[in-house]
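Welcome, and thanks for stopping by. Shall we look at this one together?

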Amino acid sequence: MKRFILSALVIPALALGQSYNIQFEPRANLPEKTIRWVVVRDISAFCQIKTKLSSTTKILACSEYNDTQCIIYTGPLTDMAQVGHEIRHCFEGQWHR
């Protein structure tokens, strides 16, 4: 059985005005992975179930990944910051501090 690690793009109420154009240096030797993108109608509720986060937390996207594959979940309306955020998790794992 493959073990998946979940990641979620969480937007706290106080951080909604922040820019998501964050620059970073990718890790060396990023792994090769297959990426699948799935659109979910109620993304916040879906990701709350997947990640087991509090129901008061608004989630805009989430992903699950292992050594060879990654699934990104977004709502019907998303943006490049949300997709890019989750793709970074696919390749670099959990990098939040």
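What follows is a short conversation about a predicted model.

Visitor: How many aromatic pairs are there, and is the pair stacked, edge-to-face or tilted?

Guide: Happy to start there: the count comes to 1 aromatic pair. Phenylalanine 46 and tyrosine 73 form it, at 4.7 Å centre to centre and 55° between the planes. Stacked needs planes under 30 degrees apart and edge-to-face over 60, so with 55° the pair is tilted.

Visitor: Which parts does the pair tie together, and how many residues apart are they in sequence?

Guide: Phenylalanine 46 belongs to helix 1, residues 43-51. Tyrosine 73 sits in strand 4, residues 69-74. The pair therefore links helix 1 and strand 4, parts whose separation in sequence is 27 residues.

Visitor: Is tyrosine 73 buried or exposed?

Guide: Buried means under 20% relative accessible area. Its ring partner, phenylalanine 46, has 25% and is partly exposed. Tyrosine 73 has 7%, so this residue is buried.

Visitor: Why is strand 4 largely enclosed by the rest of the structure?

Guide: Good one! Strand 4 has 6 residues. It is largely enclosed because the buried ones among them number 5 of the 6.

Visitor: Which strand pairs with strand 4 in the parallel sense, and which in the antiparallel sense?

Guide: Strand 3, residues 59-65, is joined to strand 4 by a hairpin through 3 residues, and tyrosine 65 has cysteine 70 as its bridge partner. Over in strand 2, residues 34-39, threonine 34 stands opposite glutamine 69 of strand 4. The parallel pairing, over 6 bridges, is with strand 2, and the antiparallel one, over 5 bridges, is with strand 3.

Key: Residues numbered from 1 in each chain as written. Predicted model: local features only at pLDDT ≥ 70, side-chain atom pairs only at ≥ 80, totals over all residues. Heavy atoms only, no water. Phe/Tyr/Trp six-rings, centres within 6.5 Å; stacked < 30°, edge-to-face > 60°. Helix = DSSP H or I, 4+ residues; strand = E, 2+ residues; numbered from the N terminus. Buried < 20%, exposed > 50% of the residue type's maximum accessible area, 1.4 Å probe, protein only. Pairing = 2+ DSSP bridges.
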